[in-house]
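Here are some worked exercises to go through with the viewer open. Try each task yourself before you read its solution.

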Amino acid sequence: MGTSTQTDLRGCLSLSARRSALLTSACLIPFMVDGAAYGQSAAPASPTQGQLPPDQTPPSDQAPPPRTRAPRPALAHRRHVQPARVRRGSAVPVSGGTISAIDVRGNERIETSTILSYLLVQQGDAFNQDELDRSLKTLYATGLFRDVSLTRNGSTLIVKVRENPIVNRIAFEGNHAAKDDDIRKVITLRPRAVYTPELAARDRQKILDLYAGKGRYAVTVTPQIIRLSHNRVEVVFQISEGTLTLIQKISFVGNKAFSEARLSQVVTSKETAWYRFFSSSDEYNPDRIQYDRELLRRFYLRNGYVDFDVSDATAELSPDRKGFYITFTITEGPRYRIGKLEVKSTLRHVPGDSLRPSVQSLKHHWYDGDEVQRIADGIQDELQAHGSPFAVVRPEIARNTDNHTVDLLFDVSEGPRVYVERLDITGNTITQDHVVRRQFDFAEGDPFTPTQQRRSKQSLEDLGYFSTVNVETSPGSAPDKVNVNAALAEKPTGELTLGGGYSTDAGILGNAGLRQKNLVGSGIDASLQGTIAQYENQVDFSLTDPYFLGRNLVAGIDLFSIQTDNLNISDYYETRLGGTARVGYAYNRYLSQSWNYSLIDRHVSNINTAASLYIQDESGHSLLSQVGTTLAYDRRDSRLQPHKGYIVRIGGDVAGLGGNEKYIRGKLDASYYIPLDILTGNHDWTIALVAGTGYIADYSGGRQDIVDNFYLGGDNLRGFLDGGVGPHSVPTNQYPASDALGGRFIYTQSTTLNFPLPLGPDLGLSGRTFVDMGGLAGLRTIRTYTAAENQPFAGDNLTPRVSAGVGVSWKSPFGLINVDIGIPVVKQKYDQTQVFRFGFGSNF
């Protein structure tokens, strides 16, 4: 609701003190615009007025609201409540003569000289009917007057005017879905500006358009004025928002290859349903309809329908203005396979035949527009990165309508030579210039390509420092030079988080954190996090500089204190206090390497009296001094939610530069993602193949603490308890616990099918089914006991354990919830299972 301030209304009630009484009093003045009495009854907003795209059919059967008589003013206030009507002025006929004087009457604020300047006749001119009529129209056109008349008294021209009032204040009543400030941004009327009914009518329509953009077409807006002294008015827009106008039905006409249900999954607009209370996809939005047309086109192109076209997309508003009926009229055409494949190159030292292997994967497949463009972009990127900075790759097709094939030509040529003359950065009020500049693949004087422009824009957006990023170009001082302009808008980069949840690993947990991702605009990421959980307490301080010393180095430091309750796994309590120094660098876009050094004091305590001798030997302190490195080759399409591509990581740790531990540990893991778009026509179907292995070798008589071992179960082998697979102590009468001891050698493999669920896009649900497999062996403890010492162990073998199951993830408004049900298919006697795994976390 709009804010109000008290104003002297000369007998009328105060706007803020008695709002409800005021709105029904005679101080509210209905006014006439083109014959419609605003303040009496306002027609609801119509989507046909600036809302529907040109190719959509607006509703045509809307009857105007019935006219009602305006309430008659109370006698006590009648002098304040005359309707603000626009009356036409007139110029009296004249037969001749000369204007000896001009008498201006009725003006209060506007200078007489200003009014005279608008007249087309002046003192000494002849009385000319045409000139007088034009003068009358000119005075009206200024918008300063609500009534003008020109009359003649002898040789004197009398100009009578009634000035339009001045707006004292603008208020809004009944608005909840749109804030006052948002409405003020779209209207024209402003305080201390001239008021006219026409301006109020235009602003009414702008408010209707604003609400239409929010999916509300049943809204009514009634402009009303309150007359004040000195020819001032207060304008009140009375708003009745009504209910959201939702999509009742989405229909497709002309589809044969795909069902209506399948096409409904392609478009982002959805029919209203009870479960879409967290989604706005069932709200009508004309921009979304246009986007849906493009989604349909791309979907059909991915599936080989080269001639596909959306001939029409209409939105019809129901008579009760509560729902939309959307119809997409499409023409599918035949489906095409790829026939001939050619690569033509006009680049020196780059023959077309050398590029042919890059396109052979397309041969004889159904035409896929996205894949063709991806391959063209990949070839172009490689050429630009290896000596041909201006290389351009353009895919061209030729249809063979008789056999429904397309011949595909990749035309490789050199584009125009353009160089960067100047790189301008604006809008970075916090982030330092050098932080922005290092995201660009080029500097002043370097070759410039649209690919570099696109990558640089993506790099700036990935920083997370800016709400908007625009990277545009403008002509330089010569035809071969260009200026690159980066227009940025900063956004808050600090985070204060409080959260809680539950997981099978940590139990009930709560966490709090303070983070600044762009410390004083330097790009340094600093955070302080704390977690209190049922089985684990942790405090971390982290500092990361993504461009250490101004170079391609990511450097950082982590300080931490971790207390872990392992009583449910191995009957001991562990405390870790230490730190890690990190540095990493990238060789190119795909290959990177990182190094780290850790110094950690570990303390094992609170050992259960029933624990095995292996666990009791761990009691006390140990110091780990370790150097590690990881080399990664990453070709995934996304690091957060990969859909295709692969990543391979190989790493190693060496402990023994001081401390009690002396070992060498090697690790290798890889992930490969297979998209199923061609088979399913849906981007949400993916197969993920993940495998890994690791080995620890000791040297020079290190302690061989089990806390450094590999463990199998939980996240890396669903269906089994954390550490539930591998070497275990065998319970005895004296030591009845069965403790997980870990092992030297581990291998894992997981195959996961990720798929969408019904209602998933609207509720944030996704599903998966998986098969996990792994093995762990190699007893590694401080001391090995014999059967005679009454401490046997079991499970020390590499026999694969296998599990299978299903899982669901829900991106709920309260946080991410993961549920997995894993059934052990192959297990051994002392393996510990866990069929159900649940995780939930939330930040606010």
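**Exercise 1. A loop residue with an unusual phi**

Task: Find the loop that holds S700, and decide whether S700 is buried or exposed.

Solution. Start with the position: S700 sits in the loop that links β29 (686–698) and β30 (719–720). Next, check the backbone: phi of S700 is positive, about 55°, although S700 is not a glycine. Finally, look at accessibility. S700 has 58% relative accessibility, so S700 counts as exposed, the cut-off for that class being over 50%.

**Exercise 2. How far can you trust the coordinates?**

Task: Work out which residues of this predicted model you should set aside before reading details.

Solution. Begin with the overall confidence: the mean pLDDT of the protein is 82, and 85% of the residues reach 70 or more. Then look for a weak stretch. Over residues 1–91 pLDDT stays under 50, and the model has 206 contacts beyond four places in sequence for them. Where pLDDT is low, predicted coordinates shouldn't be read in detail. So treat those contacts with caution, given that pLDDT stays under 50 there.

**Exercise 3. The overall numbers**

Task: Describe the whole protein by its elements, burial, contacts and surface.

Solution. Count the elements: there are 14 helices and 38 strands. Turn to burial, where 44% of the 844 residues count as buried. For the contacts, take those with a separation of 6 or more: 62% of them come from residues 24 or more positions apart. Last comes the surface, with an accessible area of about 41300 Å², 54% of it belonging to carbon and sulfur atoms.

**Exercise 4. A core and the sheet that feeds it**

Task: Trace which elements build the largest nonpolar core, and place F328 in it.

Solution.
- Step one, the core: the largest nonpolar core has 25 residues, and L263, Y284, L296, Y300 and F328 have the most contacts inside it.
- Step two, the contributors: β10 (246–253), α6 (260–266), α7 (286–302), β11 (309–317) and β12 (323–331) each give two or more residues. The largest share, five residues, comes from α7.
- Step three, the sheet: β10, β12 and β11 form an open sheet in the order β10-β12-β11, with mixed pairing. β10 and β11 are the edge strands, each pairing on one side only. Neighbouring strands of this sheet are turned by 15° against each other on average, direction ignored.
- Step four, the pairing: eight bridges join β11 and β12 in the antiparallel sense, with A313 opposite F328 in β12.
- Step five, the surroundings of F328: leaving aside neighbours within four places in sequence, the contacts of F328 include I250, F252, I289, L296 and A313.

**Exercise 5. A second three-stranded sheet**

Task: Establish the strand order of the sheet that contains β13, β14 and β15, then find the helix that lies across β14 and β15.

Solution. The order is β13-β15-β14, an open sheet with mixed pairing. The edge strands are β13 (337–345) and β14 (391–400), each pairing on one side only. From one strand to the next, the twist averages 20°. Now take one pair: β13 and β15 (residues 405–414) are parallel over seven bridges, and R337 has T405 in β15 as its bridge partner. The helix is α9 (residues 369–385), which lies across β14 and β15 and runs at about 155° to β14.

One more residue belongs here. H404 lies in the loop between β14 and β15, and its phi is near 55°, a positive value in a residue other than glycine. With 34% relative accessibility, H404 counts as partly exposed.

**Exercise 6. A hairpin**

Task: Identify which residue in the hairpin of β5 and β6 takes a positive phi.

Solution. First confirm the pairing: β5 (residues 145–153) and β6 (residues 156–163) run antiparallel and are joined by eight bridges. Within that ladder, S149 stands opposite K160 in β6. Two residues lie between the strands, and G154 takes a positive phi near 70°.

**Exercise 7. A buried loop residue**

Task: Decide whether A740 is buried or exposed.

Solution. A740 lies in the loop between β31 (728–729) and β32 (745–756). Its relative accessibility is 0%, so A740 counts as buried. To place A740 in space, use D722: the two are 18 residues apart in sequence and 8.9 Å apart, C-alpha to C-alpha.

Key
Residues are numbered from 1 along each chain as its sequence is written. This is a predicted model: local features need pLDDT of at least 70, side-chain atom pairs count only at pLDDT 80 or more; totals for chains, interfaces and linings use all residues. Side-chain values use heavy atoms; hydrogens and water are left out. Helices (H or I, at least four residues) and strands (E, at least two) are DSSP runs, numbered from the N terminus. Buried means under 20% relative accessible area, exposed over 50%, partly exposed in between (1.4 Å probe, protein chains only). Contact means heavy atoms within 4.5 Å. Accessible areas come from the Shrake-Rupley method with a 1.4 Å probe; for residues, only the protein chains shown count as cover. Two strands pair if DSSP finds at least two bridges between them. Axes are lines fitted to C-alpha atoms, for helices over the stretch in contact, and angles run from 0 to 180 degrees between N-to-C directions. pLDDT is the predictor's confidence in each residue, from 0 to 100. A nonpolar core is a set of buried Ala, Val, Leu, Ile, Met, Phe, Trp, Tyr and Cys residues joined through side-chain atoms within 4.5 Å.
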